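Visitor: I am new to this structure and would be grateful for a close look at a single part of it. Would you please take one strand and describe its surroundings?

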Amino acid sequence: MLIVGENINTSRRRISEAVEHQDAVFIGNVAKSQADAGAHYIDVNAGTFVDREAEYLCWLVETVQNAVDLPLCLDSPSPKALFEAIRCHRGEPMINSISLEKDRFNAMLPVVTAQPCRIVALCMAESAMPVTADERVKAGALLIEKLTAEGVALENIFMDPLVQPVSIDPHVGHAVLDAIKMFMNDFPGVNTICGLSNVSFGLPVRRLINSTFLSLCMLQGLSAAILDPTDSSLMATLLSAEMLLGRDEYCEKYIDAYQRGCLDV
Amino acid sequence: MTTIETLRQYINKGSIEGAVNQTQKAIDDGLQVKKILNDGLIAAMDEVGEKFSKGALFVPQMLRSAKAMQECMELIKPFFREGDLTPKGKILIGTVHRDLHDIGKNLVAMMLEGAGFAITDLGVDVSAEQFVKKAQEIEPDIVAMSALLSTTMPSMRETIEALQRAQIRNTVKVMIGGAPVTSQFAKDIKADVYAPDAGSAVIEAKKLAGIS
């Protein structure tokens with residue numbers, strides 16, 4: 001299971017302040033805490049700074065990579081900001097994200113094909129958000145077709161079925177779970193990724209919902225998750241689910257986590 | 001407890017069947033529909049909005065209450081006479097150009113409607129020109145815009161500039177919101193108000209309409 005740490009996002013007040021004050025120590029520490037907790041990628045998002053997004057995103061890339069030796073998940077809907085951020089990035093980034101929306105696909109294509117990288121592909125049609133699993137898979141299949149036609153390897157594509165709040169639509173959980181399974185079955189080699197926390201918007205005890213949803217997604221074959229790796233109870237759920245799904249031989253990772261005191265949740 | 005008080009309670013609890021039956025009872029008792037609307041339905045939704053803002057109610061509960069109110073409205077609509085339905089203000093709302101996210105916008109529209117505003121919802125991917133055209137047509141008190149992407153936030157500025165060019169910026173108030181939107185951004189683009197969620201959108205709209 002690939003873990004993308006979500007904590008460096010300027011829609012969070014303290015991150016926004018740190019970016020504005022160019023507080024490299026604070027940002028570095030947020031990156032380190034996620035790396036120590038097991039993140040494989042660190043997501044960076046400066047989307048709230050509309051006019052200075054590219055500049056701040058580049059600063060985040062350099063600051064985080066000075067603090068931790070990990071590739072980053074460059075998170076922006078803006079091709080321009082991503083183009084700049086990739087130039088500052090060391091190693092192979094994950095680009096978050098591309099979609100079929102008007103203009104966005106064509107503008108993003110040269111950005112994601114210019115260098116080796118992994119790509120998060122949002123399963124939304126050109127002009128509407130998806131509701132059902134079929135709508136997600138239909139949009140996703142078209143994205144896969146277009147990206148592979150441009151030479152992107154299937155293994156580098158991460159399908160994001162777009163998790164929406166279950167408080168608004170009680171059927172969204174099932175729609176996402178079915179879509180994950182369909183992608184994993186119909187496109188062997190492709191990856192799936194979810195931003196989990198959307199699912200619990202508008203409800204109490206969000207951590208419980210997020211961690212339960214993570215286990216359900218993992219059963220369907222989810223290969224990557226964007227989450228808060230410093231949430232020890234969420235990470236404990238992830239470890240025990242991996243073990244129960246037969247992805248932890250001799251229960252080694254689970255026992256190791258226990259011995260490091262990581263399961264006291 | 002009076003019939004109206006009981007009605008408020010049903011709306012508050014989100015009991016659709018109870019609220020509808022109670023509304024029918026109020027009609028049968030000969031209560032004025034205007035009173036049912038203002039003292040019953042709208043007053044109850046005010047309480048719902050307040051509780052939601054304080055975190056005492058959650059989104060699905062709010063949705064149920066709004067649904068209950070809508071069903072009751074259907075019931076009393078045929079009884080309204082000319083002039084009975086005087087909304088607190090007219091609001092034109094939409095998700096901005098090239099942005100397809102409507103969950104937040106829909107919640108805001110629903111709560112504003114519950115508070116007694118007349119809502120015209122242009123949906124998603126609404127261009128500056130579409131906002132202006134509709135605003136010229138219906139002359140709203142407030143133009144409300146939502147955006148969820150950093151790439152679509154500049155469309156808010158474009159809409160405000162388009163309102164200016166059409167010389168109607170002074171006749172409307174502009175309210176904006178959405179996950180990446182901040183109060184600083186609202187100031188930067190000279191919007192009148194930033195509302196971070198549905199509850200505060202209602203509070204701010206009432207302030208703008210001069211009724212709280």
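**A strand of chain B and its sheet**

Guide: The model is a predicted one. A suitable place to begin is strand S1 of chain B, residues 90-95, which is joined by five bridges to strand S3 of chain B, residues 142-146, the two running parallel. Within this pairing, Thr95(B) has Ser146(B) in S3(B) as its bridge partner.

Both strands belong to an open sheet of five strands in chain B, whose order is S2-S1-S3-S4-S5 and whose pairing is parallel. Strand S2 (118-121) and strand S5 (193-194) of chain B form the edges; each has a single partner strand, so one side of each has no neighbour in the sheet.

A helix also meets this sheet. Helix H9 of chain B, residues 198-208, lies across S1, S3, strand S4 (173-177) and S5 of chain B, and its direction makes an angle of about 170° with S4(B).

Chain B also touches chain A: 17 residues of chain B are in contact with 20 residues of chain A. On the side of chain B that touches chain A, 11 residues are nonpolar, four are polar and two are charged.

Chain A offers a further example of parallel pairing. Its strand S1, residues 2-9, is joined to S2(A) by four bridges, and the two run parallel; here Ile8(A) stands opposite Val44(A). S2(A) also pairs in the parallel sense with strand S3 of chain A, residues 72-75, over three bridges, and Asp43(A) stands opposite Cys73(A). From S2(A) the chain passes through helix H3 of chain A, residues 53-67, to S3(A), in a right-handed β-α-β crossover.

Definitions and conventions:
Residues are numbered from 1 along each chain as its sequence is written. Chains are lettered from A and ligands numbered from 1 in the order in which they are written. This is a predicted model: local features need pLDDT of at least 70, side-chain atom pairs count only at pLDDT 80 or more; totals for chains, interfaces and linings use all residues. Two strands pair if DSSP finds at least two bridges between them. Two residues are in contact if their C-beta atoms, placed from the backbone, lie within 7 Å. Axes are lines fitted to C-alpha atoms, for helices over the stretch in contact, and angles run from 0 to 180 degrees between N-to-C directions. Ala, Val, Leu, Ile, Met, Phe, Trp, Tyr, Cys and Pro count as nonpolar, Asp, Glu, Lys and Arg as charged, and the others, Gly among them, as polar. A crossover is right-handed if, with the strands pointing away from the viewer, the path from the first strand over the helix to the second runs clockwise.
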